[in-house]
Amino acid sequence: MNTRLPSHQSLPAWLHEGARVFDKGAEKEAIVQFIGEWEDPSTRRRIPRAIFLRPEGGGREWVVENAKSLREASR
């Protein structure tokens with residue numbers, strides 16, 4: 001099932017699944033795992049454009065709601 005919203009197209013070109021990003025809020029780099037609509041199973045709150053991040057090499061995934069808190073990671 002495709003859960004992407006048309007607004008997904010308004011994201012910066014560098015922000016896509018598989019991209020390396022820096023989360024300014026968490027102060028760490030990560031790989032984008034998924035971008036799309038998501039409902040938190042514990043709160044039933046819908047996030048129209050959730051961005052799932054995971055540390056490079058593995059680790060605990062986290063969700064970012066606002067793309068403005070991310071920037072392209074430097075190589």
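In what order do the elements of the protein run from the N terminus on? The answer is β-β-β-β-β, with a total of five strands and zero helices; both are DSSP runs numbered from the N terminus, helices being H or I over at least four residues and strands E over at least two.

A word on ground rules. This is a predicted model, where local features need pLDDT of at least 70, side-chain atom pairs count only at pLDDT 80 or more, and totals for chains, interfaces and linings use all residues. Numbering starts from 1 along each chain as its sequence is written, and side-chain values use heavy atoms, leaving out hydrogens and water.

Confidence comes out at an average pLDDT (the predictor's confidence in each residue, from 0 to 100) of 89 for the protein, and 88% of the residues score at least 70. Residues 1–8 stay under 50, with ten contacts beyond four places in sequence in the model; contact here means heavy atoms within 4.5 Å. Where pLDDT is low, the predicted coordinates should not be read in detail.

The five strands make an open, antiparallel sheet ordered S4-S3-S2-S1-S5, pairing being called when DSSP finds at least two bridges between two strands. At the edges sit S4 (62–64) and S5 (70–72), each paired on one side only. Further in, S1 (residues 20–23) and S2 (residues 28–39) pair antiparallel over four bridges, and arginine 20 stands opposite isoleucine 31 in S2.

As for burial, 29% of the 75 residues of the protein are buried, meaning under 20% relative accessible area with a 1.4 Å probe, protein chains only.

Key: Buried < 20%, exposed > 50% of the residue type's maximum accessible area, 1.4 Å probe, protein only.
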